[in-house]
Number of protein chains: 2
Amino acid sequence: MEGSSRRPTINDVARMAGVSKKTVSRVINESPFVKEDTRKAVQTIIRETGYAPDPQARGLAFRRSFLVGLIYDNPNPQHTVSHQQGLLDAMAGSGFELVVRPVDRTSPRLLDEMRVFIERQKLFGVVLPSPVSEDERLAALLQELDVRYVRIGSVALDEPGRMLVSHDGKGAAEAARHLADLGHTRIALISGPTSFRSSVERRKGFESGLAERGLSLDPALVKVGGYTYESGVGAAKELLALKARPTAVFCLNDEMATGVYTAAREAGLRIPEDVSVVGFDDSSIASRLWPPMSSVRLPLRDMGRIAGEMLVPNPLRDKPKVQPDIQPELIVRASSAKVG
Amino acid sequence: MEGSSRRPTINDVARMAGVSKKTVSRVINESPFVKEDTRKAVQTIIRETGYAPDPQARGLAFRRSFLVGLIYDNPNPQHTVSHQQGLLDAMAGSGFELVVRPVDRTSPRLLDEMRVFIERQKLFGVVLPSPVSEDERLAALLQELDVRYVRIGSVALDEPGRMLVSHDGKGAAEAARHLADLGHTRIALISGPTSFRSSVERRKGFESGLAERGLSLDPALVKVGGYTYESGVGAAKELLALKARPTAVFCLNDEMATGVYTAAREAGLRIPEDVSVVGFDDSSIASRLWPPMSSVRLPLRDMGRIAGEMLVPNPLRDKPKVQPDIQPELIVRASSAKVG
DNA sequence: CTATAAATTGATACCGGTGTCATGACTTAC
DNA sequence: GTAAGTCATGACACCGGTATCAATTTATAG
């Protein structure tokens with residue numbers, strides 16, 4: 001089996017099959033201009049030798065690599081991991097590889113760095129989870145460089161084939177209806193930084209959900225946090241110290257919602273008896289806290305997978321099928337209960 | 001500035017500098033056989049044109065890519081993320097890119113898949129965090145393929161340049177001494193699967209730490225979990241139902257330790273008054289739980305960074321310096337207190 | 001000043017694929 | 001049966017670099 005120590009090249013296959021390397025190339029690339037007999041003969045040799053084309057050489061000739069870049073700058077590693085896993089699910093066995101690239105989206109050199117990264121590596125495609133996906137200059141650069149890309153974000157910023165929308169607003173609206181249906185009327189909101197599109201969308205969705213139940217968001221009950229645990233503690237302390245204390249708090253991510261637990265404990269308040277809490281992300285901590293926390297779940301891994309399917313052709317997955325719709329889902333646990 | 005739309009190649013630079021492409025190649029590769037004047041002239045052109053060699057072409061000629069593979073199969077995504085971040089820290093600006101590759105270490109086709117992956121991509125190097133790092137067949141394969149690699153694991157399984165040791169045992173020993181010093185004598189252990197080297201090492205370290213204080217591990221107080229929350233709940237339930245109930249529980253990871261919180265609550269026991277808990281990993285949940293959990297911290301990101309420094313030459317980091325020693329550290333919080 | 005050694009440099013082949021275009025074989029039309 | 005068109009294939013250049021080795025220049029020795 002192991003005749004020579006080095007992997008066979010296209011020349012070896014061509015010689016063994018008694019054809020030119022160009023014909024082997026045609027077989028590899030599924031050119032229709034190959035006689036059936038020839039194709040089979042070549043494929044037999046390919047199978048016997050275990051030949052696989054060298055991605056570097058192929059990429060050099062194609063002027064395009066077989067690398068997909070994941071460009072991210074998410075404060076929540078959970079998001080990155082999940083997206084990455086999903087992407088890898090979709091890419092497994094496709095012959096493409098995933099190159100990960102964290103960036104600082106506030107860096108003035110971001111665009112230059114991205115240009116160099118993409119041009120140098122001649123990336124086949126790029127996946128941009130939020131908040132990087134929200135940078136229109138970056139999207140413009142990708143179009144200029146003629147690279148395939150998929151942006152993952154909470155709202156449609158691009159044409160369908162290039163944008164995967166997670167509809168964060170719908171999930172937030174569901175949370176709003178849930179709390180309203182439990183009888184809450186003084187519902188506080190701990191938002192993330194308004195520079196994040198997700199914060200804006202989630203807030204909008206939350207407000208529209210409240211509106212559906214005839215409620216509106218009291219500006220005095222809105223705090224802007226930084227998507228961190230500490231900022232959640234701080235915001236919750238202020239909210240829980242109010243004379244007209246809210247009976248429920250919705251947080252735009254679980255980190256901050258966890259901070260509400262801490263603040264509530266310090267204020268001597270019980271969850272959910274004194275204050276209901278609903279988070280966003282359904283991170284692993286949500287179900288570990290006591291009481292287990294209600295939270296809006298985004299199918300992050302699925303989103304990564306779908307983005308991958310949109311980007312790379314995968315022979316193992318035959319059906320290109322319609323792009324499934326991503327829907328957030330409210331997971332109701334014990335941290336949200338009837339008011340009173 | 002932007003004369004032509006395509007990036008300059010080595011030929012452009014050679015023509016503009018009035019030398020052959022081979023000389024430009026020598027300058028790029030820092031060959032000592034280039035006259036100072038020539039080198040400067042070429043470097044000037046390189047700077048002016050913004051030329052950068054094509055990694056694919058270079059890799060093709062070198063028979064080696066500029067890709068580093070991260071091969072992992074860790075049930076705890078936190079570990080993967082942290083290692084990955086550290087690796088990327090070390091690789092930033094080096095010209096190398098990180099390709100991530102999750103695997104199933106129990107798959108019978110693992111070795112074949114790895115061989116194909118490494119040979120096809122002609123990887124420059126590979127990083128193997130535990131538990132993948134514990135597979136000796138894989139290490140043998142990497143040596144056969146003549147690929148640089150760094151194994152990250154709890155104990156030395158390879159020569160120093162190829163192994164980064166995290167000394168999990170020391171951290172576990174510290175936890176043991178900590179609990180013993182608090183007066184605990186009936187100390188339970190919830191272990192991970194013994195197929196994980198980390199479990200074995202942590203347990204050994206824990207036992208030696210107990211021995212230092214004149215204690216020994218009671219086999220009746222040892223449960224083997226699966227490194228999951230659920231297994232932690234199950235193991236803790238059994239332990240806390242014992243007549244001779246342990247006054248402290250050490251868990252070989254935080255997931256299981258979090259399960260002890262749940263089991264204790266269900267059993268009506270208080271932490272730390274009725275039972276002290278110490279975890280391992282110092283994952284983010286440890287400090288969010290109530291009471292905040294004592295846990296052994298491993299500098300995972302630093303480990304990734306050091307592994308990266310061991311693997312890739314980085315011009316931005318001049319000092320190769322001695323390999324720093326990785327030391328676990330016990331973070332004492334409120335879940336461990338004097339026996340009483 | 002000449003012979004010899006050492007330092008520089010470039011011509012050419014090659015890494016392992018693909019694109020272009022010409023060529024020969026085979027059909028189909030008349 | 002011959003002309004024209006289609007199909008199948010290969011020769012050769014090329015993608016953008018590096019390796020080899022010979023050629024040229026410069027330095028050192030005698």
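**Reading helices, sheets and DNA contacts in a predicted model**

Author: Let's jump straight in: α5(B) and α13(B) are oblique to each other. The word "oblique" covers what is left once angles under 35 degrees are called roughly parallel, over 145 roughly antiparallel and 65 to 115 roughly perpendicular. Helices (H or I, at least four residues) and strands (E, at least two) are DSSP runs, numbered from the N terminus. The model is predicted, with local features needing pLDDT of at least 70 and side-chain atom pairs pLDDT 80 or more, while totals for chains, interfaces and linings use all residues. Residues count from 1 along each chain as its sequence is written, and chains are lettered from A and ligands numbered from 1 in the order in which they are written.

Reader: At what angle do α5(B) and α13 of chain B pack, and how far apart are their axes?

Author: Two packed helices are described by the angle between their axes and the distance between the axes. Here α5(B) and α13(B), residues 300–311, make an angle of about 40°, and their axes are 6 Å apart. (Axes are lines fitted to C-alpha atoms, for helices over the stretch in contact; angles run from 0 to 180 degrees between N-to-C directions.) The crossing is right-handed, meaning the near helix is turned clockwise from the far one by less than a right angle.

Reader: Which residues of α5(B) meet which residues of α13(B)?

Author: Contact means C-beta atoms, placed from the backbone, within 7 Å. On the α5(B) side you'll find B:His79, B:Ser82 and B:Leu87 among them, and α13(B) brings residues including B:Leu300, B:Arg301 and B:Met303. This contact divides into 6 nonpolar, 8 polar and 5 charged residues. (Nonpolar is Ala, Val, Leu, Ile, Met, Phe, Trp, Tyr, Cys and Pro; charged is Asp, Glu, Lys and Arg; the others, Gly among them, are polar.)

Reader: On to chain partners. How many residues of chain B are in contact with chain A?

Author: 28 residues of chain B touch 28 residues of chain A. Among the elements giving two or more residues to the chain B side are α5 (77–91) and α6 (110–121). By class, that side has 14 nonpolar, 7 polar and 7 charged residues.

Reader: Which residues come nearest to DNA strand C?

Author: A residue is near if its C-beta atom, placed from the backbone, lies within 6 Å. Strand C has 24 such residues, of which A:Ile10, A:Ser25, A:Ala57, A:Ala61 and B:Ser20 come nearest. The largest share, 5 residues, is from α4(A). DNA strand D also has 24 residues around it, the closest being A:Thr38, B:Ile10, B:Ser25, B:Ala57 and B:Ala61. There, α4(B) gives the most, with 5 residues.

Reader: What is the strand order of the chain A sheet?

Author: Strands pair if DSSP finds at least two bridges between them. In chain A, an open sheet of 6 strands runs β7-β6-β8-β9-β10-β11 with mixed pairing. β7 (222–224) and β11 (329–331) each have a single partner strand, so one side of each is left without a neighbour in the sheet. The twist averages 20° from one strand to the next. Helix α8 (residues 168–181) of chain A packs on this sheet, its direction making about 170° with that of β9(A).

Reader: Which strands of chain A do 4 bridges join?

Author: They link β9 (residues 276–281) to β10 (residues 294–297), which run parallel. One pair to click on: A:Asp281 has A:Arg297 in β10(A) as its bridge partner.

Reader: And which strands does α11(B) lie across?

Author: α11(B) lies across β6, β8, β9 and β10 of chain B, at about 160° to β9(B).

Terms used. Two residues are in contact if their C-beta atoms, placed from the backbone, lie within 7 Å.
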